[in-house]
Amino acid sequence: MSTALDSLLDLLDLERIEQDIFRGTSRSAVVPRVFGGQVAAQALVAAGRTVPANKAAHSLHAYFLRMGDPGAPIVYTVDRIRDGRSFTTRRVVAVQHGQPIFHLSASFQTYEDGLEHQADMPPAPDPETLPTAAEMLPRYADRFSDPGMVDRLIEARAAVDLRYVDAPPFGTVGEPREPRSQVWFRTNGKLADDPLLHVCMATYVSDMTLLDSVLLAHGRGGWAVGDVVGASLDHAMWFHRPFRADEWLLYDQESPSASGGRGLGQARIYTQDGRLAITVIQEGVVRVPR
């Protein structure tokens, strides 16, 4: 297991300070605020630790309310909204400096048999044939005005092996493309068998690239290039089938719309053998600097 993955696992191992109150810390991000995937994953950890082990997360719905301060702890308060026979619902509020910065509702379900169908997995190349972040990012060093940006991007992704199928938005600045993007990802090391851990790790990664397809439609390079500014607004995930975040997952993303200073991304996450594991939808602020 990589040192970076160890650090990320420590980040997700929240401190319980009361029965339904937890405290987490943050790690450095590419931009000077708490990474949205981190706070979403930590909130899901907090919710999951108040739910019986026989119930797995099946959905979450979240709002990013304020920018998080990476230098301050985050306190997560869990409300036990409902404990039913099949479903359990939790609400989590993340607070910093006395103000809520994030709100999450999550639902958990005991396993049961039912009707089965799924959308087919789209074609994608073998992830082992694609360059790693450390191999790919230096090729685009000239796209960033900040000379340290490549190193910061590599560091931010060191815990997760994330590989683009096609060039990322900052690789084709000024060239509008179809608003679709694919990446393969898995953790840089094996994880324990706890299903909640794998769900939380996928939640963490899900915020990394989902709005790329919005940028591609307009030939924009993204936050690291500086030709747009933005942040996540809301995030929803549905967990359909079991998966492991330490095995290859295909993140197939597209953007159906951008308007009003906002862009919408939607995606499906498949296991390498073609099972639809997760559906994700996110809207974010996407503004052109004046």
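This is a guided tour of a predicted model, with a suggestion at each stop for what to select next.

**Stop 1: the nonpolar core**

Start by selecting Val39, Tyr76, Phe102, Met201 and Ile278. These are the residues with the most contacts inside the largest nonpolar core, which has 70 residues. Now centre the view on Phe102 and show what surrounds it. Leaving aside neighbours within four places in sequence, Phe102 is in contact with Val39, Ala40, Ala43, Ala62, Tyr63, Phe64, Leu65, Val92, Val93 and Ala94. Apart from this core lies another one, of seven residues; to find it, select Leu130, Trp184, Leu250 and Leu276, which are among its members.

**Stop 2: helix α2 and the loop before it**

Next, pick Ala46, which has its place in helix α2. Is Ala46 buried or exposed? Its relative accessibility is 0%, so Ala46 counts as buried. Show its surroundings and you will find Leu14, Phe22, Tyr76 and Val78 touching Ala46, not counting residues up to four places away in sequence. Tyr76 should be familiar from the first stop, as one of the residues with the most contacts inside the largest core. If you like to try the distance tool, draw a line from the C-alpha of Ala46 to that of Asp13: the two are 33 residues apart in sequence and 9.2 Å apart in space.

Then step back along the chain to Ser26, in the loop between β2 (21-24) and α2 (36-48). With a relative accessible area of 18%, Ser26 is buried, because the cut-off for that word is under 20%. Turn on side chains here: that of Ser26 makes a polar contact of 3.1 Å with the side chain of Gln38. Gln38 is also among the residues that Ser26 touches, together with Leu11, Val34, Pro70, Ala72 and Ile74, when residues up to four places away in sequence are not counted.

**Stop 3: from β5 into β6**

Select His97, in the loop between β5 (87-96) and β6. Which sign does phi of His97 have? It is positive, near 50°, in a residue other than glycine. For background, most residues other than glycine have a negative phi. His97 is exposed, with a relative accessible area of 61%.

Move on to Gln99, in strand β6. Gln99 is partly exposed, at 39% relative accessible area. Beyond residues up to four places away in sequence, Gln99 touches Arg66 and Ala94. For a longer line across the view, connect the C-alpha atoms of Gln99 and Arg220, which are 121 residues apart along the chain and separated by 33 Å.

**Stop 4: strands β7 and β8**

Colour residues 160-164, strand β7, where five of the five residues are buried. Which residues lie on each side? Val160, Leu162 and Tyr164 are on one side, Asp161 and Arg163 are on the other, and both faces are covered. In a regular strand the side chains alternate between the two faces of the sheet. Add strand β8 (residues 180-187), which pairs with β7 in the antiparallel sense over five bridges. To see one pairing, select Arg163 and its bridge partner in β8, Trp184. Trp184 is also one of the members of the seven-residue core.

**Stop 5: helix α5 and Ser232**

Show helix α5 (residues 195-209), which is mostly covered, with 13 of its 15 residues buried. At its N-terminal end, look for Asp194, which caps the helix: a side-chain oxygen lies 3.1 Å from the backbone nitrogen of Leu196.

From here go to Ser232, in strand β9 (residues 229-239). At 17% relative accessibility, Ser232 counts as buried. The side chain of Ser232 makes polar contacts with the side chain of Asp207 at 2.9 Å and with that of Gln282 at 3.4 Å. Among the other residues that Ser232 touches are Phe64, Glu283 and Gly284.

**Stop 6: the largest pocket**

Finish with a surface view of the largest pocket, whose volume is about 1100 Å³. Of the 33 residues that line the pocket, Ala56, Ala57, Tyr111, Phe239 and His240 lie nearest its centre. Colour β3 (55-64), β6 (99-110), α5 and β9 as well, as these are the elements that give two or more residues to the lining.

Note on methods
Residues are numbered from 1 along each chain as its sequence is written. This is a predicted model: local features need pLDDT of at least 70, side-chain atom pairs count only at pLDDT 80 or more; totals for chains, interfaces and linings use all residues. Side-chain values use heavy atoms; hydrogens and water are left out. Buried means under 20% relative accessible area, exposed over 50%, partly exposed in between (1.4 Å probe, protein chains only). Helices (H or I, at least four residues) and strands (E, at least two) are DSSP runs, numbered from the N terminus. A polar contact is a pair of N or O atoms within 3.5 Å; within protein, one must be able to donate a hydrogen and the other to accept it, and residues adjacent in sequence count only if both atoms are side-chain atoms. A nonpolar core is a set of buried Ala, Val, Leu, Ile, Met, Phe, Trp, Tyr and Cys residues joined through side-chain atoms within 4.5 Å. Contact means heavy atoms within 4.5 Å. Two strands pair if DSSP finds at least two bridges between them. On a 1 Å grid over the protein atoms alone, a cavity is a set of points where a 1.4 Å probe fits but cannot get out, and a pocket is an open set with protein on both sides within 12 Å along at least five of seven lines; lining residues have an atom within 4 Å of a point. Grid points are joined across faces, edges and corners, and a volume is the space filled by probe spheres set on the points.
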